[in-house]
Amino acid sequence: HSLRAMPQYADFVTNWASLLNAIGDESDSSTTTHVAKQRVLVQMLSCAVQAVMGSVGADDEDGPNGDVDPEVLAMDVDVIADAPSAKKKPSSKVSSERLSIVILQALPDLLVRFKTDPAVLSSLAKLPRFLLPSVLSLPQRKKDFSLLLKSLVEIFNESADYDVLCNVVLSLAELARGDHTRAKDARHQMVLVAKALDGRVARLLGEVAS
């Protein structure tokens, strides 16, 4: 909200292409400043996504519930060519669909790239919860969804950070909800994760007992 009050930065928080490009910029990755910049940018992305997507379900059953942010929804989101047509759809819904596509495409790579930085990873792991089910069901997004599931499961198996683990589990649970065409895949992955976790607990208990 404070950035949007500054004319020079007002559009940046919802210029998803520019924001994602800035997050992915590795030109000065060895510096402390770069790490701090990445964390700030990811937090900006997370807050902006939640501001836009958190409002979709208020009057539409095809999204998460939340409070509408008129300033964000009024901004133009023109970042991807294969987004659903805007004809006969409210501009806020079209923007949300486009944003869901952009985030779904970008998240698998970002999750892998920042898997060693718990502060950034925790924020990124929240974002799958805000993707529209209608976008998850698109045939052309099947590969992106599979990559996202794979990345989330790998992070859950490898991370020891409490916040990261909680956000990953909550995102997997959200992806498994509803009747979108990919929910079954998410539920299958959750079953596999639960079985693997159960096996790990059993082994640890066995080691303690011995």
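Which helix does Leu197 lie in? Leu197 sits in helix H9, and some background helps before going further. This is a predicted model in which local features need pLDDT of at least 70, side-chain atom pairs count only at pLDDT 80 or more, and totals for chains, interfaces and linings use all residues. Residues are numbered from 1 along each chain as its sequence is written, and side-chain values use heavy atoms, with hydrogens and water left out.

First, the overall layout. The protein has nine helices and zero strands; helices (H or I, at least four residues) and strands (E, at least two) are DSSP runs, numbered from the N terminus. Along the sequence, the pattern reads α-α-α-α-α-α-α-α-α. Of the 210 residues in the protein, 43% are buried. Here, buried means under 20% relative accessible area, exposed means over 50%, and partly exposed falls in between, with a 1.4 Å probe and protein chains only. About 11,400 Å² of the protein is exposed, and carbon and sulfur atoms supply 55% of that area. Accessible areas come from the Shrake-Rupley method with a 1.4 Å probe, and for residues only the protein chains shown count as cover. As for contacts (heavy atoms within 4.5 Å), 61% of those with a separation of 6 or more are between residues 24 or more positions apart.

Next comes the inside of the protein. The largest nonpolar core contains 47 residues, and Leu45, Val49 and Leu124 have the most contacts inside it. At least two residues of this core come from each of helices H1 (16–24), H2 (32–53), H4 (91–113), H5 (118–124), H6 (133–136), H7 (142–158), H8 (162–176) and H9 (183–209). H4 gives the most, with nine residues. A nonpolar core is a set of buried Ala, Val, Leu, Ile, Met, Phe, Trp, Tyr and Cys residues joined through side-chain atoms within 4.5 Å. Leaving aside residues up to four places away in sequence, Leu45 touches Trp16, Leu19, Leu20, Ile23, Ile103 and Leu127.

Ala186 offers another look at a buried spot. This residue is found in helix H9, and its relative accessibility is 0%, so it counts as buried. Not counting residues up to four places away in sequence, Ala186 touches Phe145, Leu149, Leu172, Leu175 and Ala176. Ala186 and Ala173 are 13 residues apart along the chain, with 7.8 Å between their C-alpha atoms.

Helix H9 also has a side to show at the surface. Leu197, Val201 and Leu205 form a nonpolar patch there, with about 250 Å² of accessible area together. Patches are made of residues with over 30% relative accessible area and no salt bridge, where like charges are joined within 9 Å and nonpolar side chains (Val, Leu, Ile, Met, Phe, Trp, Tyr) within 5 Å. Leu197 has a relative accessible area of 37%, so it is partly exposed. Val201, also placed in helix H9, counts as partly exposed because its relative accessibility is 39%. From Leu197 to Phe156, the C-alpha to C-alpha distance is 9.8 Å, and the two are 41 residues apart in sequence.

Over in helix H8 is Tyr162, which is exposed because its relative accessible area is 63%. The C-alpha atoms of Tyr162 and Pro118 are separated by 9.3 Å, with their positions 44 residues apart along the chain.

Then there are the charged pairs. The structure holds five salt bridges, a salt bridge being a side-chain nitrogen of Lys or Arg within 4 Å of a carboxyl oxygen of Asp or Glu. One of them pairs Asp117 with Arg39, whose closest N and O atoms are 3.3 Å apart. This pair links distant parts of the chain, 78 residues apart: Asp117 is in the loop between H4 and H5, while Arg39 is in helix H2. Asp117 is buried because its relative accessible area is 14%, whereas Arg39, at 40% relative accessibility, counts as partly exposed. Not counting residues up to four places away in sequence, Asp117 touches Val35 as well as Arg39.

Two other salt bridges can be picked out. Asp144 and Arg141 meet through their side chains at 2.7 Å, N to O, and both Asp144 and Arg141 are buried. The side chains of Glu174 and Arg177 form a salt bridge at 2.7 Å, N to O. Glu174 has a relative accessibility of 26%, so it counts as partly exposed.
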